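Me: Got a minute to go through this one with me? I'd like to start with whatever jumps out of the backbone and work outwards.

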Amino acid sequence: MTPVNPPPLDRTSPPRLTDQWRQPHAALPEGVRVRVLRAVYGDVRAAAELVPRLTDRQAAGVDPLPTQPAELAPTLLRERRAETRALPDDTRLLLLLAAADQYPVPTDAFLRAVMAARLDTRPLDAAEAAGVAHAGAGGVVFRDAWTRIAAYETGSPADRRDVHRLLARVLSGEGETPWRSWHRGAGALGPSGRLAAELGAAAGRAGEAGRLSLARALAERAAELCPDPSEQVRLVARAAAYAWQSGDGDRARRLAATTSDDALTGVLALRAGNASEAFDALLTAVAFPPPVRTVPGPATPAVGKVPVPSTDLAAPASVRSSAASAPAAHLLARATEAAIYTGDIRRLREAARVADRLGVVPPGTLSGLVAAFDGRYEDARDLLRGAAGRCGPGGDPTVLIHAGIAELLLGDHTRAATATVRAAASARARGTPVTVPQAMEFRAYADFWAGRPRAGEAAATDALWQAHATGQDNGACHLQAALAMFAALTGDADVCRERAATARSYALARGLGLPAALAQWALAFLDLSTGNFAAAAARLRALAGFGPGHGHRAIRHLATPHYVEAAVRTGDTRVARVAHADYHRWASIVRSPDDLALSARCRALLAPGEEAVDHYRTALGLHSHGTRDFERARTELLFGSALRRLRRRTEARDRLHSALEAFDSFGAPHCADQARTELRALGAPASPTPHATGHPTTRLTAQQLLVARMAADGATNREIAARLALSPRTIDHHLRGVFTRLGIRSRIELVRLIAEGDEGEPG
């Protein structure tokens with residue numbers, strides 16, 4: 001029994017990749033590459049050994065990766081075992097004790113065990129001389145994870161049981177029960193209902209405390225020891241749920257494959273499979289929940305009976321132990337997310353009907369979206385406001401994410417950002433890293449509207465890696481589409497097209513209408529900002545016609561102001577007026593200043609001559625009370641252009657200069673070029689090249705700066721491409737642009753300029 005825990009998921013970048021790993025395996029999808037490296041503890045030699053052994057389905061990301069050491073890197077592990085076996089017996093015994101204390105569950109009891117057994121630690125000198133391990137202040141420090149695994153696996157079964165029992169004896173302190181139970185279970189000879197119940201109870205306590213990796217190991221061992229087959233299946237489902245919440249997606253999927261839990265199947269499909277199938281499984285779990293059973297706890301008054309509910313991966317502790325309707329509400333929230341991903345209005349209505357039939361209060365986003373898509377805008381507003389109001393600090397991350405989605409639909413992007421940031425913080429505090437990238441998917445919209453491309457791009461890139469590492473490829477697809485939008489804003493056309501193509505290819509294969517539509521919008525915005533109005537109008541017109549799995553009503557609605565601008569520029573005012581009428585109706589009911597401002601801008605674009613001026617002034621007045629700074633700058637650009645055509649030169653110049661300054665500060669060069677073109681048409685001097693008086697690195701776009709920093713840190717083009725999920729050709733293009741903008745010819749000069757730029761940044 002040797003389950004492996006992957007390294008803890010943190011917010012750092014993945015390990016540096018060497019050519020030993022990169023060259024033969026560049027064809028792997030980015031998500032698979034990230035998970036392979038995490039599974040093998042960042043060891044590139046182990047990764048190079050594992051990849052050729054993957055099945056075609058594993059290499060494509062369809063099936064989960066192996067989780068057992070012998071499947072991950074058998075050759076490397078054999079070498080480490082041979083090194084361990086070459087050591088003296090007493091040295092190996094100490095290493096076995098240390099390994100059992102650290103792997104697969106860290107318990108920090110080695111020194112106490114040594115003292116309790118009166119062991120001599122001097123034999124560790126032989127391990128240090130062999131370069132295998134050395135004694136540290138807190139115990140034994142192994143050379144690497146594979147050496148630690150080898151030290152454990154080379155011990156005989158009897159010796160392993162003995163060291164686990166020793167560790168269990170010394171873990172007698174208050175609050176150490178889960179770890180003591182782990183070692184008791186690991187030292188068991190065979191099936192035991194009593195031990196299985198003790199481990200199941202300990203798993204519940206560890207899960208409540210946010211120690212999800214420990215909870216998973218306890219539940220999995222409980223299942224191995226459980227003599228009741230039906231109870232064993234339920235324990236495996238709990239172990240899979242804990243594995244998923246802790247960010248170990250591959251283990252969760254492997255465990256889930258041995259169960260028939262609809263809720264578990266639905267959540268895993270929602271994050272890494274077909275969203276329509278996820279919806280169906282989740283709604284089945286809502287309509288036909290398995291009974292909540294109890295299993296006997298240890299024969300102590302303190303434990304009594306331990307609830308074993310149906311698997312609900314989203315529910316917090318307070319929900320998992322409450323009435324059956326609470327898990328149903330959480331499963332409905334997940335079903336809502338599945339319907340949102342697909343853009344399937346029919347499925348949203350179906351979920352609402354099931355909630356009504358069962359008497360379950362559905363998430364406000366579910367009822368609100370159904371009402372909005374049915375044209376009942378007043379009802380939608382009230383329902384979404386109710387959902388948005390539940391965004392206080394420290395709340396359930398799922399509830400906070402839904403509050404953020406509601407705020408986005410209501411047009412309050414400041415509150416949307418607050419809700420999603422709180423969701424990510426709450427997920428980290430609860431020890432559920434799997435939820436963090438889910439929150440950041442929707443945070444990206446707020447960053448885009450507010451004109452924060454650098455911050456948004458950095459956050460989305462980080463979240464993309466976390467989504468890949470936790471096996472959430474659907475979320476990674478959504479983040480790829482968001483990064484395409486940031487690239488469109490910052491003028492990185494090649495990156496925009498590459499990310500959009502990646503997102504759409506994946507999304508269309510899995511019925512993910514939301515990222516597919518967002519990627520289409522990103523391409524349309526790139527066309528719009530570069531003056532290719534016919535292409536922008538065609539893309540957005542097509543978006544309106546796409547059905548579930550290919551398009552999305554919410555994205556179509558959000559993109560309406562851009563569509564109206566592109567359609568008017570191409571003379572298609574009839575369709576533009578129809579699109580604006582519906583948008584204006586929603587804005588008038590919701591009363592979001594920014595939505596009303598954008599509606600007024602659409603009216604100005606559709607109005608003739610002088611009549612447009614008042615609408616533009618109304619739009620700018622409303623923008624002053626809103627949060628979409630980037631769209632305010634676009635309104636000023638369009639207003640300045642209209643004033644120029646009306647020969648109001650002075651005001652036109654002021655508006656265009658204001659827009660230009662904003663676009664330069666946002667790092668939106670294409671939009672800034674449009675403003676400069678208008679100023680040149682006025683015969684007015686444009687402002688200097690952005691940041692001409694600052695440090696040279698301020699001339700770079702957000703993506704160029706990110707690439708430049710990685711290159712300055714010594715990463716190769718292929719390594720940078722792997723980290724950013726881009727092609728090496730695109731990285732080559734970026735670096736050429738970096739060298740041109742900075743006026744340099746070598747990486748040595750780049751290192752110097754990046755260092756100088758970092759020193760000059762405020763702390």
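**Backbone oddities first**

Reply: Sure. Arg647 is exposed, with a relative accessible area of 73%. This is a predicted model, and in it Arg647 has a positive phi of about 65° even though the residue is not a glycine.

Me: Where does Arg647 sit?

Reply: Arg647 is in the loop between α37 and α38.

Me: Which other residue that isn't glycine has a positive phi?

Reply: Asp108 is one, with phi near 55°. Asp108 lies in the loop between α7 and α8, and with a relative accessible area of 67% it is exposed.

Me: And why bother flagging these?

Reply: Most residues other than glycine have a negative phi, and most peptide bonds are trans, so exceptions to either are worth a look. On the peptide bond side, the one from Tyr103 to Pro104 is cis, with omega near 0°. Pro104 is in the loop between α7 and α8.

Me: OK, zooming out. How many helices and strands does the chain have?

Reply: The protein chain has 43 helices and four strands. Of its 763 residues, 59% are buried. Take the contacts between residues at least 6 apart in sequence: 66% of them join residues at least 24 apart. The accessible surface is about 29,200 Å², and carbon and sulfur atoms account for 53% of that.

Me: What's the confidence like?

Reply: Mean pLDDT is 86, with 88% of the residues at 70 or more.

Me: Where does pLDDT stay under 50?

Reply: Residues 10–24 are one such stretch, and the model has 37 contacts beyond four places in sequence for them. Residues 293–325 also stay under 50, with 68 contacts of that kind in the model. Where pLDDT is low, the predicted coordinates should not be read in detail.

Me: Let's pick a helix. How does the length of α11 compare with what's expected?

Reply: Helix α11 covers residues 157–170, and its 14 residues should span 20 Å at 1.5 Å a residue; the end C-alpha atoms are 20 Å apart, so the two agree.

Me: Which of its residues are buried, and what do they pack against?

Reply: The buried residues of α11 are Arg160, Val163, His164, Leu166, Leu167, Ala168 and Val170. They pack against α7 (89–102), α8 (110–117), α10 (145–153) and α12 (177–186).

Me: And α42, how far does that reach?

Reply: α42 runs over residues 728–742, 15 residues in total, and reaches 21 Å from first C-alpha to last, close to the 21 Å expected. Buried there are Thr730, Ile731, His734, Leu735, Gly737, Val738, Phe739 and Leu742. Just after α42, Gly743 takes a positive phi of about 70°.

Me: Switching to aromatics. How many pairs are there?

Reply: The count comes to 13 aromatic pairs. In one of them, Phe448 and Trp521 have ring centres 6.3 Å apart and planes at 70°, so this pair is edge-to-face. Phe448 is in helix α26 (residues 436–449) and Trp521 in helix α30 (residues 513–529), so the pair links distant parts of the chain, 73 residues apart. Phe448 and Trp521 are both buried.

Me: What about Phe630 and Phe666?

Reply: Phe630 and Phe666 form a tilted pair, 5.8 Å centre to centre with 55° between the planes. Phe630 is in α37 and Phe666 in helix α38 (residues 649–666), with their positions 36 residues apart in the chain. Both are buried.

Me: Which residues form the aromatic cluster?

Reply: Phe448, Trp449, Trp521, Phe525, Phe630, Phe663 and Phe666 form one cluster.

Me: Back to α37 for a second. Is Ser641 buried or exposed?

Reply: Buried, since its relative accessibility is 3%. Ser641 lies in α37, residues 629–645, and its side chain makes a polar contact with the side chain of Glu678 at 3.0 Å. Apart from neighbours within four places in sequence, Ser641 is in contact with Leu656 and Glu678.

Me: Last one. What does Val564 touch?

Reply: Not counting residues up to four places away, Val564 touches Ala576, His580, Cys602, Leu605 and Leu606. Val564 is in helix α33 (residues 560–569) and counts as buried at 0% relative accessibility.

Terms used: Residues numbered from 1 in each chain as written. Predicted model: local features only at pLDDT ≥ 70, side-chain atom pairs only at ≥ 80, totals over all residues. Heavy atoms only, no water. Helix = DSSP H or I, 4+ residues; strand = E, 2+ residues; numbered from the N terminus. Expected span 1.5 Å × (residues − 1). Buried < 20%, exposed > 50% of the residue type's maximum accessible area, 1.4 Å probe, protein only. Contact = heavy atoms within 4.5 Å. Areas by Shrake-Rupley, 256 points an atom, 1.4 Å probe, with all protein chains shown as cover. pLDDT = per-residue confidence, 0-100. Polar contact = N/O pair within 3.5 Å; in protein donor to acceptor, adjacent residues only side chain to side chain. Phe/Tyr/Trp six-rings, centres within 6.5 Å; stacked < 30°, edge-to-face > 60°.
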